[in-house]
Amino acid sequence: MPQPRPGATRRSVLLAGVSAAIAAPAFAQGGYPNKPVELIVPFAAGGGTDVLARALAEAARPHLGQSLIVVNRAGASGGVGWGELINARPDGYKLAIITVEITMIPHMGVVKFTADDVLPIARLNADPATIAVRTEAPYKTLEEFLAAARKTPGAQRVGNAGPGSLGHLAAAALEDKAGVQLNHVPFRGANPAVLDLLGGHIDAVAVTPVEVATYVQAGKIRPLAVMADKRIAAGWEQVPTLKERGVDLAVGGWRGLAAPKGTPPEALAVLREAMAKTLRDPALRETMAKQNMGEGYLDEAAFKTLIARDNATFRELIQRLAIKPA
């Protein structure tokens with residue numbers, strides 16, 4: 001067998017190294033990120049998740065070094081946008097906002113994937129669900145609203161952000177605890193539900209405070225209760241909790257940032273550091289406070305633990321109450 005010429009082995013190794021460098025992803029060549037990053041919002045424009053995403057995109061640019069380009073992909077209570085994320089090239093240039101609904105809709109059969117099919121980066125915020133009506137509505141208190149629901153079961157139309165959304169499950173849990181029957185009306189996001197409430201087409205909405213904050217401040221919508229362990233601030237100090245009204249229930253949501261599974265560790269490290277800095281940005285925190293978005297940053301490890309806990313909690317609730325998509 002002929003022996004390799006002196007230096008041939010060394011040249012082969014060098015050539016292999018050059019080939020690997022040529023094939024390496026962009027973040028290894030020019031530093032990640034070296035171009036704008038797409039940020040999927042899996043709900044309609046104008047809702048709480050969209051508001052947070054756009055504020056985050058503006059605040060993150062100095063820390064990330066590139067723009068976050070917000071793209072709305074509404075449908076299936078977040079499922080359309082998350083499906084796009086799961087199938088995206090895992091190079092760090094397509095991310096998505098994930099919400100608590102990703103631990104709900106898989107158990108209802110709305111989507112084929114689960115929360116384990118995305119890669120959490122950080123939790124961005126946390127806030128409770130709320131039940132709200134128009135200020136012209138005859139219900140001044142939660143008790144009056146529930147009394148009407150008991151008098152005519154199924155007559156109270158409660159809008160939500162879609163089948164399996166936080167609002168849907170919060171209202172279903174309220175039915176269970178209060179012994180009432182509501183008429184759940186799904187929309188393609190919270191903002192369309194709120195607009196229909198303002199138009200008098202439904203009787204109430206089950207959403208998060210950020211999604212009705214502007215209209216509450218304008219005197220057009222009245223929150224009847226928040227589904228939290230204690231009252232929240234930013235103009236909602238007079239809004240009672242369900243527990244204060246004799247309903248032992250607390251249901252909350254969250255929003256976080258996620259990437260496709262298989263995203264390079266180097267890109268993830270950049271994103272984690274950028275998010276930690278961005279969530280400390282005074283301007284972003286002020287915007288979140290004005291919009292009634294509760295703070296709640298969690299790093300990757302703590303966020304994964306929370307997702308696992310919520311996944312188990314909502315799986316049990318959905319199965320016990322036999323909650324269906326529609």
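## Leu-174 and its core

Setting aside residues up to four places away in sequence, Leu-174 touches Ile-131, Leu-146, Gly-179, Met-227, Leu-242, Val-247 and Leu-249, where a contact means heavy atoms within 4.5 Å. Leu-174 also ranks, with Phe-145 and Met-227, among the residues with the most contacts inside the largest nonpolar core, which has 54 residues. The biggest contribution to this core, eight residues, comes from helix α6 (residues 166-178). Apart from it there's another core, of 33 residues, including Leu-52, Ala-57, Ala-59 and Val-210.

A quick word on terms. A nonpolar core here is a set of buried Ala, Val, Leu, Ile, Met, Phe, Trp, Tyr and Cys residues joined through side-chain atoms within 4.5 Å. Buried means under 20% relative accessible area, exposed means over 50%, and partly exposed is in between (1.4 Å probe, protein chains only). As a general point, nonpolar side chains in soluble globular proteins tend to be buried together.

## What you're looking at

This is a predicted model, so local features need pLDDT of at least 70 and side-chain atom pairs count only at pLDDT 80 or more, while totals for chains, interfaces and linings use all residues. Residues are numbered from 1 along each chain as its sequence is written, and side-chain values use heavy atoms, with hydrogens and water left out.

## The whole chain

The protein chain has 11 helices and 11 strands; these are DSSP runs numbered from the N terminus, helices being H or I with at least four residues and strands E with at least two. Its C-alpha trace spans about 95 × 40 × 30 Å along the principal axes. Of the 326 residues, 52% are buried. Take the contacts with a separation of 6 or more, and 77% of them come from residues 24 or more positions apart.

On the outside, the chain exposes about 14600 Å², with carbon and sulfur atoms supplying 53% of that (Shrake-Rupley method, 1.4 Å probe; for residues, only the protein chains shown count as cover). As for charge, there are 36 positive and 30 negative side chains, and the centres of the two sets lie 5 Å apart. Lys and Arg count as positive, Asp and Glu as negative, with His and the chain ends not counted; each charge is placed at NZ of Lys, CZ of Arg, CG of Asp or CD of Glu.

## Strand β4 and its partners

Strand β4 (residues 118-128) is largely enclosed by the rest of the structure, because 10 of its 11 residues are buried. Strands pair if DSSP finds at least two bridges between them. Nine bridges join β4 to strand β10 (residues 252-260), and the two run antiparallel; Asp-127 stands opposite Gly-253 there. Strand β11 (residues 295-298) also runs antiparallel to β4, joined by two bridges, with Glu-295 as the bridge partner of Asn-125.

## Backbone spots to check

Tyr-32 and Pro-33 are joined by a cis peptide bond, with omega about -10°. Pro-33 sits in the loop between α2 (26-31) and β1 (37-41).

Two non-glycine residues with positive phi are also worth a look. Ser-77 has phi near 55° and belongs to the loop between β2 (68-72) and α4 (79-86); its relative accessible area is 5%, so Ser-77 is buried. Ala-322 has phi of about 50° and lies in the segment after α11 (300-321). With a relative accessible area of 46%, Ala-322 is partly exposed.
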